[in-house]
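Work through these exercises with the structure open beside you. Try each task before you read its solution.

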Amino acid sequence: MAAQISTALAIYFVIWWLALFLTLPFGVRSQHEDGGGAPGTDPGAPVLTGMKRKLLWTTIISVIIYGVGLAAYQAGYLSIERLSKLMGMPF
């Protein structure tokens, strides 16, 4: 039971991390685009990152992706045998 929970958490964490990298570029304005910036800083540095909003969207996206994957796994559409056949590898 503990292995199943830790595996589920690990899979969710990987999905969450990938979703975070997908959401990071959205809505970022650089100092150069904003027309200002502190002297001595990189012009590409962000003015406001909006990390709270991005973390919320990352969590929502990853819950949806994880839920769809879990539903597909429980329905039998997603299994090791089926994936190995799709990739052409014997299992």
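Helices are DSSP runs of at least four residues, numbered from the N terminus. A lining residue of a pocket has an atom within 4 Å of one of the pocket's grid points. The model is predicted.

**Exercise 1. The fold**

Task: List the elements of the protein chain, then decide how spread out the chain is.

Solution.
- Step 1. Count the elements. The protein chain has 4 helices and 0 strands.
- Step 2. Read them from the N terminus on. The order is α-α-α-α.
- Step 3. Compare the radius of gyration with the globule rule. The chain has a value of 20 Å, and the rule gives 12 Å for 91 residues. The chain is well over the rule, so it is more spread out than a compact globule.
- Step 4. Look at the C-alpha trace. Along its principal axes it spans about 60 × 30 × 20 Å.

**Exercise 2. Surface and contacts**

Task: Find what share of the residues is buried, and describe the accessible surface.

Solution.
- Step 1. Set the cut-off. Buried means under 20% relative accessible area.
- Step 2. Apply it. Of the 91 residues of the protein chain, 12% count as buried.
- Step 3. Turn to the surface. The accessible surface comes to about 7300 Å². Carbon and sulfur atoms hold 72% of that surface.
- Step 4. Check the contacts with a separation of 6 or more. Residues 24 or more positions apart account for 48% of them.

**Exercise 3. The largest pocket**

Task: Which helices each supply at least two residues of the lining of the largest pocket?

Solution.
- Step 1. Start with the volume. About 350 Å³ of space lies in the largest pocket.
- Step 2. Find the residues around its centre. The lining has 13 residues, and the closest to the centre are Ala-8, Ile-11, Tyr-66, Leu-70 and Tyr-73.
- Step 3. Assign the lining to helices. Helix 1 (2-23) and helix 3 (51-75) each supply at least two residues.
- Step 4. Sort the lining by class. There are 9 nonpolar residues, 4 polar residues and no charged ones.

**Exercise 4. The second largest pocket**

Task: Which helix gives the most to the lining of the second largest pocket?

Solution.
- Step 1. Note the volume. It is about 170 Å³.
- Step 2. List the lining. It is made up of Thr-23, Phe-26, Gly-27, Leu-48, Thr-49, Gly-50, Arg-53, Lys-54 and Trp-57.
- Step 3. Assign residues to helices. Helix 3 gives the most, with 3 residues.
- Step 4. Sort by class. The lining has 3 nonpolar, 4 polar and 2 charged residues.

**Exercise 5. Two residues of helix 1**

Task: Are Ile-15 and Thr-23 buried or exposed?

Solution.
- Step 1. Place them. Ile-15 is in helix 1, and Thr-23 is in helix 1 too.
- Step 2. Test Ile-15. Its relative accessibility is 19%, so Ile-15 counts as buried.
- Step 3. Test Thr-23. Its relative accessible area is 8%, so Thr-23 is buried.
- Step 4. Find the contacts, leaving out residues up to four places away in sequence. Ile-15 is in contact with Ser-62, Ile-65 and Tyr-66. Thr-23 touches Lys-54, Thr-58 and Ile-61.
- Step 5. Check a distance. Ile-15 and Ala-72 lie 57 residues apart along the chain, and their C-alpha atoms are separated by 16 Å.

**Exercise 6. Helix 2 and helix 3**

Task: Classify Gln-31, Leu-55 and Gly-67 by accessibility.

Solution.
- Step 1. Set the second cut-off. Exposed means over 50%, and partly exposed lies between buried and exposed.
- Step 2. Take Gln-31, in helix 2 (residues 31-34). At 14% relative accessibility, Gln-31 is buried. Beyond four places in sequence, Gln-31 touches several residues, among them Gly-36, Asp-42 and Val-47. Gln-31 and Ala-45 are 14 residues apart along the chain, with 5.9 Å between their C-alpha atoms.
- Step 3. Take Leu-55, in helix 3. Its value is 34%, so Leu-55 counts as partly exposed. Leaving out residues up to four places away, Leu-55 touches Trp-16 and Leu-20.
- Step 4. Take Gly-67, also in helix 3. With a relative accessible area of 34%, Gly-67 is partly exposed. Gly-67 and Tyr-77 are 10 residues apart in sequence and 14 Å apart, C-alpha to C-alpha.

Methods: Residues are numbered from 1 along each chain as its sequence is written. This is a predicted model: local features need pLDDT of at least 70, side-chain atom pairs count only at pLDDT 80 or more; totals for chains, interfaces and linings use all residues. Side-chain values use heavy atoms; hydrogens and water are left out. On a 1 Å grid over the protein atoms alone, a cavity is a set of points where a 1.4 Å probe fits but cannot get out, and a pocket is an open set with protein on both sides within 12 Å along at least five of seven lines; lining residues have an atom within 4 Å of a point. Grid points are joined across faces, edges and corners, and a volume is the space filled by probe spheres set on the points. Ala, Val, Leu, Ile, Met, Phe, Trp, Tyr, Cys and Pro count as nonpolar, Asp, Glu, Lys and Arg as charged, and the others, Gly among them, as polar. Buried means under 20% relative accessible area, exposed over 50%, partly exposed in between (1.4 Å probe, protein chains only). Contact means heavy atoms within 4.5 Å. The radius of gyration is taken over C-alpha atoms; the globule rule is 2.2 Å times the number of residues to the power 0.38. Accessible areas come from the Shrake-Rupley method with a 1.4 Å probe; for residues, only the protein chains shown count as cover.
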